[in-house]
Amino acid sequence: DLVLVLDLSGSMAEAAIGGGSKLDAARAAALAVLDLLDWRLDAVGVVGFSGRADLILPLSGDRAAVAAALTGLRTAEGTRIDLGLTAADRALAGAGRPVARPVVILLTDGRQEAGLEADAATAARTLKARGVTVYAIGLGADADAALLRAIASDPARYLASPDTSDLAGLFAAILRAEVCGH
């Protein structure tokens, strides 16, 4: 069971190297690796967060539904990583399968809203205490690397992406390590 937790803050609308926005690049990277999943066995959910978090798609084994959810993502104001992680936790707790390994991939280009950094770390601890493997991808120089290292299950599961050019490779590496291999 994989939940993609994607930053939809206003900064994700900024231009990315190679054209389009950072959100376009994140969406394209996630879409590019969907074929690495075994849709008979794997389930994917999508959470978007800005100043709030929304479960865009509950865990689903329908590739087309996941692609549609990713395609429909839009930016808004604010960066509440904690709310995104909490929504991922609810998605896994409510629909997760006991036989599936739970994995969360968080992607953000920014920082938790000021004064709420501890809330993001607490939400991550809750996930990890339930046995969820958490990856954190920091996109660009503004990502809070220290917080994202604390969010990730271990420091090796924090991945820095200086620009959007390597996002698909990072997603693929995570899926190969954690989700694939049935």
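This is a short tour of the structure above, one selection at a time.

**Before you start**

The model is predicted, so local features are described only at pLDDT of at least 70, side-chain atom pairs count only at pLDDT 80 or more, and totals for chains, interfaces and linings use all residues. Residues are numbered from 1 along each chain as its sequence is written, and side-chain values use heavy atoms, with hydrogens and water left out.

**Stop 1: the sheet**

Switch to a cartoon view. Helices (H or I, at least four residues) and strands (E, at least two) are DSSP runs, numbered from the N terminus. Six strands make an open sheet with mixed pairing. Their order is E3-E2-E1-E4-E5-E6. Two strands pair if DSSP finds at least two bridges between them.

Which strands stand at the edges? Select E3 (53-60) and E6 (158-161). Each has a single partner strand, so one side of each is left without a neighbour in the sheet. From one strand to the next, the twist averages 15°. Angles run from 0 to 180 degrees between N-to-C directions, and axes are lines fitted to C-alpha atoms, for helices over the stretch in contact.

**Stop 2: strand E1**

Select residues 2-7, which are strand E1. Are they buried or exposed? Six of the six residues in E1 are buried. Buried means under 20% relative accessible area, exposed over 50%, and partly exposed in between (1.4 Å probe, protein chains only).

Now show the side chains. Leu2, Leu4 and Leu6 point one way from E1. Val3, Val5 and Asp7 point the other way. In a regular strand the side chains alternate between the two faces of the sheet.

**Stop 3: strand E2 and its partners**

Add E2, residues 44-49. E1 and E2 pair in the parallel sense, over six bridges. Find leucine 4: it stands opposite valine 46 in E2.

Then look from E2 to E3. This pairing is antiparallel, over five bridges. Pick valine 47; its bridge partner in E3 is leucine 55.

**Stop 4: helix H3 and the loop after it**

Select 81-95 for helix H3. H3 lies across E1, E2, E3 and E4, and runs at about 30° to E3.

Move on to the loop between H3 and E4, where valine 99 is found. Valine 99 counts as exposed, at 81% relative accessibility. Select alanine 67 as well. The two are 32 residues apart in sequence and 24 Å apart in space, C-alpha to C-alpha.

**Stop 5: helix H4**

Select 117-129. H4 has 13 residues and reaches 19 Å from its first C-alpha to its last. That is close to the 18 Å expected at 1.5 Å a residue; the expected span is 1.5 Å times one less than the number of residues.

Color Ala120, Ala121, Ala123, Ala124 and Leu127, which are buried. Look down the axis of H4: the buried residues fall within an arc of 160°, so they line one face of the helix. The arc is that of the directions from the helix axis to the C-beta atoms.

What covers these buried residues? The cover includes helix H3, strand E4 (103-108), strand E5 (133-139) and helix H5 (145-151). Contact here means heavy atoms within 4.5 Å. The face of H4 turned away from its buried side carries the exposed residues Ala118 and Ala129. After H4 comes glycine 131, with a positive phi near 90°.

**Stop 6: salt bridges**

The structure holds eleven salt bridges. In each, a side-chain nitrogen of Lys or Arg is within 4 Å of a carboxyl oxygen of Asp or Glu.

Start with arginine 130 and aspartate 89, at 2.5 Å, N to O. This pair links distant parts of the chain: arginine 130 is in the loop between H4 and E5, aspartate 89 is in helix H3, and they are 41 residues apart. Arginine 130 is partly exposed at 39%. Aspartate 89 is buried at 15%.

Next, select helix H1, residues 22-32. Arginine 27 and aspartate 24 meet at 2.8 Å, N to O. They are three residues apart in H1, so about one helical turn separates them. Arginine 27 is buried at 11%, and aspartate 24 is partly exposed at 36%.

End with glutamate 14 and lysine 22, which meet in a salt bridge at 3.3 Å, N to O. Glutamate 14 is partly exposed at 43%; lysine 22 is buried at 13%. Add Asp109 to the selection: salt bridges that share partners join Glu14, Lys22 and Asp109 into one network.
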